[in-house]
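Got your viewer open? Let's take a walk through this model together, one selection after another.

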Amino acid sequence: MAVSSKILGMMETSSWIRRMFEAGNVLRAQHGADKVCDFSLGNPDVEPPQRFQEALREVVGATIPLKHGYMPNAGYSETRAKVAENVSREQGVRVEASHVVMSCGASGGLNSALKTILNPGDEVVATIPCFMEYASYVDNHGGKLVLAPSKPDFDLDIAALESRIGPRTAAVLVNSPNNPTGRIYPRSTLQELSDMLTRAASKAGRTIYLLADEPYRKLVYDRAEVPGIMSLYPHSIVVTSHSKDLSLPGERIGHVAVNPLAEDAKRIVDGIVLCTRILGYVNAPALMQRAVAKIQGLSVDVEIYRKKRDLFCSALRSMGYQFTTPQGAFYIFPRAPGGDDLSFVQALQEELVLVVPGRGFSLPGYFRIAYCVDTAIIERSFVGFEKAARKLGISP
Ligand SMILES: Cc1ncc(COP(=O)(O)O)c(C=O)c1O
């Protein structure tokens with residue numbers, strides 16, 4: 001067999017998100033694209049801001065020596081400086097360009113950071129439900145993802161996290177605003193997390209790093225605060241991208257910022273630079289680096305997503321669905337009527353509505369709606385949500 005048994009196994013249990021997206025392609029071919037309501041993929045349909053288009057045109061039109069050439073693996077120094085200014089503002093800690101490494105999206109940044117800090121057999125603790133690519137990213141670098149439950153309202157359960165920390169724990173990985181729940185962890189919870197990590201690290205006799213995966217940081221509603229993790233815990237590494245906040249997922253542009261106060265900060269940065277190269281990314285895309293440097297701090301119009309969220313939430317609530325209103329990102333994570341997420345997802349699919357079962361985020365019994373789609377599709381889906389809910393026994 002040409003394909004390794006490990007990869008074969010992973011192919012068979014491939015991501016539920018991708019699986020549902022592919023099921024959507026089959027349904028689209030059978031019934032016509034306009035009949036299918038696909039909420040499976042977090043692929044934003046909101047156009048990047050006008051200012052991004054202008055910035056990109058400026059870069060493309062400019063004469064710059066070696067514009068398309070190799071560059072330092074960390075990225076252009078001007079871009080790193082602009083990113084550092086913005087990270088300093090968001091995180092409440094002075095971050096210099098030398099602490100920033102440009103990456104191929106948040107995924108690339110996470111892989112470079114994990115490869116840098118993990119020894120074989122090290123563990124990374126995360127919270128259920130979570131973006132399950134984390135398991136592969138940690139495994140890629142010889143580590144193991146260890147999962148802890150969250151609270152019923154999807155806030156971090158600090159005691160549960162603490163119970164998962166042991167001598168092999170290298171890092172805790174948090175994602176706020178969260179995919180799939182839309183939860184934003186409040187400052188008080190993050191302070192508790194910081195205190196717990198300090199305690200646990202001293203017990204374990206090693207530094208435990210806090211990795212914050214923040215691609216949804218700018219997509220927040222009702223003036224919710226996303227506290228800066230760097231100001232709360234010194235040994236922190238923030239990873240993010242412009243996949244969601246500027247609607248550029250196909251352009252693979254993001255960055256990693258290492259807290260200057262972190263243990264071994266300089267060597268971690270150097271490690272991330274090296275790993276960016278040897279993982280084969282080499283460096284983040286050149287044109288995108290130059291374009292996003294001009295618009296740090298900017299995001300798509302969040303009001304567009306807020307309106308979609310409100311429309312969806314009020315319709316689902318009136319149908320009897322149970323969920324916590326998301327505070328950020330563009331996902332809703334309701335309980336599956338009837339309790340079995342697979343049966344429910346199947347019932348919805350029969351109505352040509354596609355969502356992802358909760359088990360795709362390690363939490364069966366729920367399902368995820370990605371509402372980063374046209375409002376007309378959201379409105380068209382309500383009949384299907386109503387029918388599937390009735391089929392499985394809930395009513396308004
Ligand atoms: C929580 C989370 N982290 C990371 C990523 C990967 O982002 P990127 O496309 O920037 O690699 C995603 C993408 O959906 C995500 O939801």
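What follows is a tour of pockets, helices, cavities, a small set of strands and a few backbone spots. Keep in mind as you click that this is a predicted model.

**Stop 1: the largest pocket**

Start by selecting Ile17, Arg18, Phe131, Glu133 and Tyr137. Of the 37 residues that line the largest pocket, these lie nearest its centre. The space in there comes to about 1000 Å³.

Now colour the helices around this pocket. Helix 1 (5–12), helix 2 (16–31), helix 5 (105–117) and helix 6 (133–140) are the elements that each give two or more residues to the lining. Which helix supplies the largest share of that lining? Helix 6 does, with six residues.

Try colouring the lining by class too. You should count 16 nonpolar residues, 14 polar ones and seven charged ones.

**Stop 2: helix 5 against helix 6**

Stay with two of the helices you just coloured. Two packed helices are described by the angle between their axes and the distance between the axes. For helix 5 and helix 6, the angle is about 40 degrees and the axes are 9 Å apart. Their crossing is right-handed.

To see who touches whom, show the side chains. Helix 5 brings Ser107, Leu110, Asn111 and Leu114 to the contact, while helix 6 brings Tyr134, Tyr137, Val138 and Asn140. Sorted by class, that contact has five nonpolar residues, three polar ones and no charged ones. Recognise Tyr137? You met it at the first stop, among the residues nearest the centre of the largest pocket.

**Stop 3: the second largest pocket**

Next, select Thr116, Ile117, Ala170, Arg206, Thr207, Tyr209, Glu263, Asp264, Arg267 and Ile268. Together they line the second largest pocket. Helix 5 turns up again here: helix 5 and helix 9 (265–278) are the elements that give two or more residues to this lining.

How much volume does this pocket have? It has about 230 Å³. The lining divides into four nonpolar, two polar and four charged residues.

**Stop 4: the cavities**

Time to look at enclosed spaces. Counting those of 30 Å³ or more, there are four cavities.

For the largest cavity, select Glu90, Lys218, Thr240, Asp245 and His255. They lie nearest its centre, out of 13 lining residues. This cavity holds about 80 Å³ of space. Helix 4 (77–91) and strand 7 (236–241) each supply at least two lining residues, and helix 4 has the largest share, with four. What classes do you find in the lining? There are two nonpolar, six polar and five charged residues.

Then move to the second largest cavity, which has a volume of about 50 Å³. Select its lining: Thr127, Pro129, Cys130, Tyr134, Leu156, Leu173, Val174, Asn175, Asn178 and Tyr185. Strand 5 (residues 169–175) gives the largest share, three residues. Here the lining has seven nonpolar residues, three polar ones and no charged ones. Tyr134 is another familiar face, as it also belongs to the contact between helix 5 and helix 6.

**Stop 5: prolines after strand 5**

Follow the chain along from strand 5 and zoom in on the backbone. Ser176 and Pro177 are joined by a cis peptide bond, with omega at about -10 degrees. Pro177 sits in the loop between strand 5 and helix 8 (187–204).

Now click on Asn179 and Pro180. A cis peptide bond joins this pair as well, and its omega is about 20 degrees. Pro180 is also in the loop between strand 5 and helix 8.

**Stop 6: Ser247**

Jump to Ser247. What is unusual to spot in its phi? The value is near 60 degrees, which is positive in a residue other than glycine. You'll find Ser247 in the loop between strand 7 and strand 8 (254–258).

**Stop 7: a three-stranded sheet**

Finish by selecting strand 9 (331–332), strand 11 (356–357) and strand 12 (residues 367–370). They form an open sheet in the order 9-12-11, with antiparallel pairing.

Why do strand 9 and strand 11 each have one side left without a neighbour in the sheet? Both stand at the edges with a single partner strand, so one side of each has no neighbour there.

Zoom in on strand 11 and strand 12, which pair over two bridges. Select Pro357 and look across: opposite it stands Phe367 in strand 12.

Note on methods. Residues are numbered from 1 along each chain as its sequence is written. This is a predicted model: local features need pLDDT of at least 70, side-chain atom pairs count only at pLDDT 80 or more; totals for chains, interfaces and linings use all residues. Side-chain values use heavy atoms; hydrogens and water are left out. On a 1 Å grid over the protein atoms alone, a cavity is a set of points where a 1.4 Å probe fits but cannot get out, and a pocket is an open set with protein on both sides within 12 Å along at least five of seven lines; lining residues have an atom within 4 Å of a point. Grid points are joined across faces, edges and corners, and a volume is the space filled by probe spheres set on the points. Ala, Val, Leu, Ile, Met, Phe, Trp, Tyr, Cys and Pro count as nonpolar, Asp, Glu, Lys and Arg as charged, and the others, Gly among them, as polar. Two strands pair if DSSP finds at least two bridges between them. Axes are lines fitted to C-alpha atoms, for helices over the stretch in contact, and angles run from 0 to 180 degrees between N-to-C directions. A crossing is left-handed if the near helix is turned anticlockwise from the far one by less than a right angle, and right-handed if clockwise. Contact means heavy atoms within 4.5 Å.
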